[in-house]
Every structure is written in C-alpha cells, then in structure tokens.
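Colleague: I'm new to this one and would like a close look at a single part, with enough of the surroundings to find my way. Could you walk me through it?

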Amino acid sequence: MWSNLFLQQDEDGRAGMAALGGVGSKSGRSGKRSRPPRMSDSQEGKIKLAFFVALIGVTLTVLGMGTEFWVELSQPKHFRNNQTCEMAHYGLWKSCVRTLWVSDIDPERESCGPAELPGESNCTFFKFYTSGENAVIFKKTTEKSLHIAGAMLALLSLFLMIMGSVCITMSLSKSVPFFLKPATICFVFSGILVLLSIIVFHQSVLALLASDHSIPLHHELSWSVACLGSAAAILIFGGLMFLLLSLPYNPLEKCFRQQSSSDA
C-alpha cells in the first residue's frame, strides 16, 4: 500500500516537472526577438529602380562639380578690336580665359562667346584653396569666402550621396528595408545642398561683378549649373521614392481604397 502511494507521488512529480519544462521552453521561444521582415522580390526590384534613378543624380552631380563651365563672363565682342575678343568661364576649382575670333561669333550676339567656339585658352586653378589668394578675372576680384562655401556645400552633398548609396547597398545585400529611411535622408539632403551650392555660387558671381566696373561684362550660368540643378531634382525625387518604399503600406493604394469604399 505504502509503496503504491510513493510510486504515484513520484509519477505525479515527474509529470509536473515535464509540464513546467514545456511551459518554460515555450516561454523561452516566445521571448526570443523576432527577425526583421524580409523584402519581397517586387519590393527589391522597386528599390533597385529607385537606386538607379538616384545614381543618375549622383553621376550628374560629379560631372557638374568637376567642370569649369558654371558661369561664362563675356566682354562686348568689339571691346578690344574688331578681330578678337575675350571671355572667361569658371567653376569651383578652375577658371579659363579664352580669346575668340569675332568672325566666328554670331552677328546677332553682342557679347563674346560662347565658350564652345575655337580659340586660345589659358586656364589656372584657384589659389584660395591653398594659399588663400583671391583670383582676378578681367580686373574683377573673386569673393573667396562665398566661393569656398559653395564648394564645401557641394562636397558635403557628395558625401551624403556616398552614405546613401552605402545604405541602399546594405539594404539590398541583407534584404532588409531598415536602411531605406537613412538613405532617404541622405539623398534628399544631398539634393538640397546641391541647390544651396548653386545659390551661393551665383552670389559669389554677383560679388565678383560688383568688385569693379571698368570692364563691362555679360554673365550667364552655363551648362554645368543646369546639370547640377537636374541632379538635385533627381536626388530629391529618388529620396522620396525610398521613403515611399520604406512605408509598411502604399499610401496611394490606401487612398484609392478609401475613395472606392466611399463611392460604394
């Protein structure tokens, strides 16, 4: 009798321990951190398309930053003589003074240029990045503080583009949409900085023209600025595309569903 009682208590204790072990294992499993959601193939394809658009903006920015065709300064084509005239063009890093033949210029054009015409060219790098000296173009002095500020904004935008590209590369390699929001911030702010760089550069051009009035000059922003403006718009658009792709739902589809439900 006593032996049967002890055996029954032993079996009950084992059953209780097994039940506690099962509950503990379940709670331990449920306490583990869940993995971040993986991207679907369609979402990954959309991210690659948006990244391609952003890379177009990066390419245009690098192309525009490396050239010296941000602005063209043109003298009147008959200011010196009736055979040749001078004009200058420069960017963030270098300036060039060109001597053109008046016979090659459009007769309806009053100023010397454009810079694409054949002629002699003399190019020099700006020294205010190294020795701090201002440049003199047609007796007009550059405003180095504004020029350097524009260059720093352009370089900072390029750094943000690199960081955004790294975020998208990590997101695609790990198939995790977590890095899309940091990439959105990088690309949108890089586009804004490119626009600010153009504005600051234009202010430096106006300061250059106001420094001396002995030689009349006609100025116009060249194709590099148009390239950079397009790049800024593409970068901001690409960043907004990443923002939409990082949302857990499509806001356009949600709006259409709400509209269809209200119509019904």
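How much space lies in the second largest pocket?

Modeller: Before anything else, keep in mind that this is a predicted model. The second largest pocket holds about 210 Å³ of space. Its lining is made up of 13 residues. Nearest the centre you'll find Ser95, Thr124, Phe125, Ala135 and Val136, so start by clicking on those. Three elements each give two or more residues to that lining: strand S3 (94-101), strand S4 (119-125) and strand S5 (136-137). Sorted by class, the lining comes out as seven nonpolar, four polar and two charged residues.

Now for the loops that link these strands. Between S3 and S4 there is a loop that includes Pro114. The peptide bond running from Gly113 to Pro114 is cis, and its omega is near 5 degrees. Go on to S5, and the loop between S5 and strand S6 (140-141) contains Phe138. Phe138 has a phi near 55 degrees, which is a positive value in a residue other than glycine.

That's the pocket and its strands; next, the helices. The unreviewed UniProt entry lists residues 49-71, 148-172, 184-209 and 221-247 under "transmembrane region". Two of those stretches are easy to describe in the model. Residues 148-172 are 100% helix and 0% strand, with 36 Å between the end C-alpha atoms. Residues 184-209 are also 100% helix and 0% strand, and there the end C-alpha atoms are 38 Å apart.

To see how the helices sit together, take helix H2 (residues 41-65) as your reference and go through its partners one by one.

With helix H3 (residues 144-174), H2 packs at an angle of about 160 degrees, and the two axes are 11 Å apart. Angles over 145 degrees count as roughly antiparallel, and therefore H2 is roughly antiparallel to H3. The crossing of these two, H2 and H3, is left-handed.

With helix H5 (residues 223-246), the axes come within 8 Å and cross at roughly 160 degrees. That angle makes H2 roughly antiparallel to H5. Here, too, H2 makes a left-handed crossing as it passes H5. If you colour the contact of H2 with H5 by class, its residues divide into 19 nonpolar, six polar and one charged.

With helix H4 (residues 180-210), H2 packs at about 25 degrees, and the axes are 12 Å apart. Angles under 35 degrees count as roughly parallel, so H2 and H4 are roughly parallel to each other. H2 passes H4 in a left-handed crossing.

For a route through the viewer, I'd begin with the pocket lining, including Ser95 and Phe125, move on to Pro114 in the loop between S3 and S4, and then finish on H2, with H5 as its roughly antiparallel partner and H4 as a roughly parallel one.

Key: Residues numbered from 1 in each chain as written. Predicted model: local features only at pLDDT ≥ 70, side-chain atom pairs only at ≥ 80, totals over all residues. Heavy atoms only, no water. UniProt positions renumbered as here; feature names shortened; annotations may be inferred. Helix = DSSP H or I, 4+ residues; strand = E, 2+ residues; numbered from the N terminus. 1 Å grid on protein atoms, 1.4 Å probe; cavity = no way out; pocket = protein on both sides within 12 Å on 5 of 7 lines; lining within 4 Å. Points joined across faces, edges and corners; volume = space filled by probe spheres on them. Nonpolar A, V, L, I, M, F, W, Y, C, P; charged D, E, K, R; others polar. Axes fitted to C-alpha atoms, helices over the stretch in contact; angles between N-to-C directions. Parallel < 35°, antiparallel > 145°, perpendicular 65-115°, else oblique. Left-handed = near helix turned anticlockwise from the far one by under 90°.
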